[in-house]
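Colleague: I would like a close look at one part of this protein, namely its aromatic side chains and the strands that carry some of them. Please take me through them in one connected answer.

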Amino acid sequence: MPKQLLQKSAVTLLCFFTSLPLFAQQPRNEILDRTVDKVFCFRSADKELEKIAGLLNVKFNFNQARLKQYTLTKDFHDDNLATILAAICKATRSKYFIAEDNTIYIIGRRETYTPEVTLALQKAESREQVRLVYEEPKKFRVTVTGKVTDISSGEPLPNVTVMIDGQRGITTTNVDGYFTVFNVPSDTAILSFSSVGYTVSRYFLSPNKPLDSLHIQMLTSRNALNEVVVVAKKVQSFKLNQKVSMIKMTPDLIANLPSVGEKDIFRSFQLMPGISAANENSSGLYVRGGTPDQSLVLFDGFTVYNVEHLFGFFSAFNSNALKEVTLYKGGFESKYGGRLSSVVDINSKEGNKKNFNAGGDLSMMSVNAFAEGPIGKNASGIIFFRKSFRTSLYNKIFDKYSSDNGSNTPRPTNGPFGSNDQKTKSFFYDINGRFTWKPTKKDVFSLSIYNGKDKLDNSIIPAIPSFLQSSGRGFGIQITDLTNWGNTGSSLKWSKRWNEKVFTNSLISYSNYFSNRDRSSDFTRTDTSGNETTIKRGTLEDNNLKDYSIKTDVEIKVNKKHTIETGYHITYNDIKYSYAQNDTSKIIDRSTQGFTYTVFLQDKISLLKDKLQLIAGIRTTYFDPTKKLYYEPRLNATLEITDKIKLKGSAGQYYQFAKRVIREDILQGSRDFWVLADNDRLPVASARQYVAGLSWENKDFLVDVEGYCKKLTGLSEYSLRFQPTPGGLTYTENFFQGTGYARGIDLLVQKKIGNYTGWVAYTLGEAVNNYPVYGSKKFYANNDVRHEFKIVQLYKWNRFDFSATFIYASGRPYTAPSGAYSVTLPDSTTQSYFSVSGKNEFRLPGYHRLDIGVTYNFGDKGSGNGSIGVSLFNIYNRQNVWYKNYEISDNTIIATDVKYLGFTPNLTFTYRLK
């Protein structure tokens, strides 16, 4: 017994001394000089060691269960085994020794040794072959620069978090993937890189390697799926706690969530706290009591003014085209402006820079295809196309929303005098592409284009009785029910990295939103002489918005504690809106134009040993139509109380010059249109925002709470009211001005990593408006939702991804007719009228539904891969109320509930070459 104890003590002392960073030079085994030409590691450590063993004809002995927990992401070019083992041991917290039979044992620094390892260690010690990987630093307080890209495609990765092991200091890569880290302790420090949807990558600095122009490649969770089971434990599907009110989403999460026909980034955001999910017919974002037009949506730098397909059921963005999407729910920085509520910054993919790739999706709604690849040595391109087609699912949505929303109402195919000529046609499509050229290591040029359109045509030519066609006379009727809307946009960007401290981003862009609505009837009559007369009656609406912009952003990394950002932004808006009762009489005909000139300046400051992060800035805008300057100071702060607890807050002033105004329509549903403020009937809208929050986070869980308050002025509504007069009907045009506020609390509890992940979100909110025209009493805004509760559950098992989402939201307010009466006009005809209740005096029933989905992933890297998914929407067939429809019959108001979709299944198929 004493002898065994003595042996154990000796081994323990031996292990302790071999853990010391300094040791005498040991004899070198020739095995360590064996060199590999090129090895790229991207899998778990145990798999990579097996690969290296085959390449170098060596034998390893290690604890597979322990090394399986570590993922390696590193390139080796003409490196010997000693260098490779140095990197692996640092990454896995191990040491190694070469046994008597030349087997290389890799053991953990705190690992309990098996009898076999103990015996081999004793023999190796006698041969002085025990080694600990260590390099003596030669430089201190160094600056490290480089670029982060996707390992498979070569795409630059923005907003990657870069940290120094053992320190609080954090920096992030810019929009083109570049980073600069100041005051790195030494040239042997370890840098870690993390980003949503990617496995964490670590880079070991070395005195023998350069510190500038590093190339860091990161592995996506999707590519790692079939390689390392434990990778999921290190991958987050979204990140929320990096800045105040910021959420960063990965496309991988979108693919796994239940969907109705289409993967949708905006629908995914609606599952987060503070973003309403009860608007089933709108993919726009209602953020913290705001409306969709109060959210700035940027796609590769240009502004998108409409984000909806198919009555708003889907967003206008193809999820396959997205590289990264960042949402600021409030408190956004000075470089963003022109909106009151939130910012959605979308970066599309640049195209595979290494290999040609293609693929597509097929669902019960649409077909979606893409192709990408390198163009020469310094360029790449990618193009996406998506188009809907008529299926039972498409028809179900089309029939539901076209027949219930007061427009594009399906008409019977058979009339009283025969078969009608029905011309129903409905589709949507979008196409976007990007071309990127990198002429030098410091310059990147990128051209991005987007075009998307919806067409809903439910026109009809009724059958005409034969007696109206007699005696050589002709009579014809065509009922037009046509709606078109869409976006076209493009941007040309030049990014330049002047040196390790200065980076610029210059962009010119064009954006056009259009919406045309024709609900009219053409009556054509031909007399006996052959003369034809056509009378057109009905309503014609046309909204056309054009945006021409140029801007430059400058980022200056002064030092570790200061990063200054500044820039300018010039926009010219040309917005037209017309509303006519027939083709000759226009009731509204607005045409407004104007320039917006903006400059901004902000400083990102790090204080209190990097525990306090401040972003202080100001944005100044000159708005040409009002001839006024608008100042927008902003402050954003985060304070790390401990390594797990963080306080955060923001305050700022925000202005909006182009806005969407609601045109009130009690009976058929309100419409909206874009206008430009004129400071007369349409004031510039403004908001003063305050946000305060607290978060607790460890490696597995996040608990986040934020409270917010917004004070709003310059709100606008539009009402067109017809009044009986002795000469007939006349109209009064009114732009109403109002104020309001929104306040609430967002709560999120998230399990971040593991095979089982998910979150629970709750929002307590209130949105209140005050329009003097409706009386002195305040009323709840149309988008007021008091309680909203969401549960998202995700589980990964082998090649299967399971998901379930549950949503509950309290009912939204609405205005209802309170009485009806008839008026006899001078021509002896009778017209029905109604009086209304107090503004938004009533509330709809609560909204709730449960969706589930399962996805099977197939294929392997290099031989094509894909997935098959099944989604069940509203699985228990809840009949949620969209709005109430009213009809007047014999001076009696008849109310009907218009419902959202019930139970709806969907099937999707996805395939990629790579």
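To begin with one ring, does phenylalanine 802 count as buried, partly exposed or exposed, and what is its relative accessibility?

Modeller: Please keep in mind throughout that this is a predicted model. Phenylalanine 802 counts as partly exposed, at a relative accessibility of 34%, since buried would require under 20% and exposed over 50%. Phenylalanine 800 is likewise partly exposed, its relative accessible area being 26%.

To place these rings in their setting, the protein has 914 residues, of which 54% count as buried, and its secondary structure consists of nine helices and 56 strands. Among the contacts with a separation of 6 or more, 66% are made by residues that are 24 or more positions apart.

A search of the whole structure finds 37 aromatic pairs. One of them is formed by tyrosine 178 and phenylalanine 503, whose ring centres are 6.3 Å apart and whose planes stand at 50°, which makes the pair tilted. Tyrosine 178 belongs to strand E10 (residues 178-186), whereas phenylalanine 503 belongs to strand E32 (residues 502-526), so the pair ties together parts that are 325 residues apart in sequence. Both tyrosine 178 and phenylalanine 503 are buried. The pair made by phenylalanine 800 and phenylalanine 802 has its ring centres 6.0 Å apart and its planes at 20°, and it is therefore stacked, because planes under 30 degrees apart count as such.

Beyond these pairs, one aromatic cluster is formed by Tyr510, Tyr548, Tyr572, Phe595, Tyr597 and Tyr622.

Aromatic rings also meet charged side chains. The charged end of lysine 496 sits over the ring of tryptophan 498, at 4.8 Å from the ring centre, while arginine 843 lies over the face of tyrosine 780, 4.9 Å from the centre of that ring.

Other tyrosines can be followed through the pairing of strands. Strand E28 (residues 425-440) and strand E29 (residues 443-457) run antiparallel and are joined by 14 bridges, and with two residues between them they form a hairpin. Within this hairpin, asparagine 432 has tyrosine 450 of E29 as its bridge partner.

A further tyrosine lies in an open sheet of four strands, which has the order E9-E8-E11-E12 and antiparallel pairing. Its edge strands are E9 (170-172) and E12 (201-204), each of which pairs on one side only, and the twist from one strand to the next averages 25°. At the E12 edge, strand E11 (residues 190-194) and E12 pair in the antiparallel sense over four bridges, and there leucine 191 has tyrosine 203 of E12 as its bridge partner. As a general point for reading such a sheet, side chains in a regular strand alternate between its two faces.

Finally, a word on cysteines, as you may wish to know about cross-links at the bench. The count of disulfides comes to zero, where a disulfide would need a pair of cysteine sulfur atoms within 2.5 Å. Among the cysteines, cysteine 89 is buried, with a relative accessible area of 0%, whereas cysteine 709 is partly exposed, with a relative accessible area of 26%.

Terms used
Residues are numbered from 1 along each chain as its sequence is written. This is a predicted model: local features need pLDDT of at least 70, side-chain atom pairs count only at pLDDT 80 or more; totals for chains, interfaces and linings use all residues. Side-chain values use heavy atoms; hydrogens and water are left out. Rings of Phe, Tyr and Trp (its six-membered ring) pair if their centres lie within 6.5 Å; planes under 30 degrees apart count as stacked, over 60 as edge-to-face and the rest as tilted. Buried means under 20% relative accessible area, exposed over 50%, partly exposed in between (1.4 Å probe, protein chains only). A charge sits over a ring if NZ of Lys or CZ of Arg is within 6 Å of the ring centre and within 35 degrees of the ring normal. Two strands pair if DSSP finds at least two bridges between them. Axes are lines fitted to C-alpha atoms, for helices over the stretch in contact, and angles run from 0 to 180 degrees between N-to-C directions. Contact means heavy atoms within 4.5 Å.
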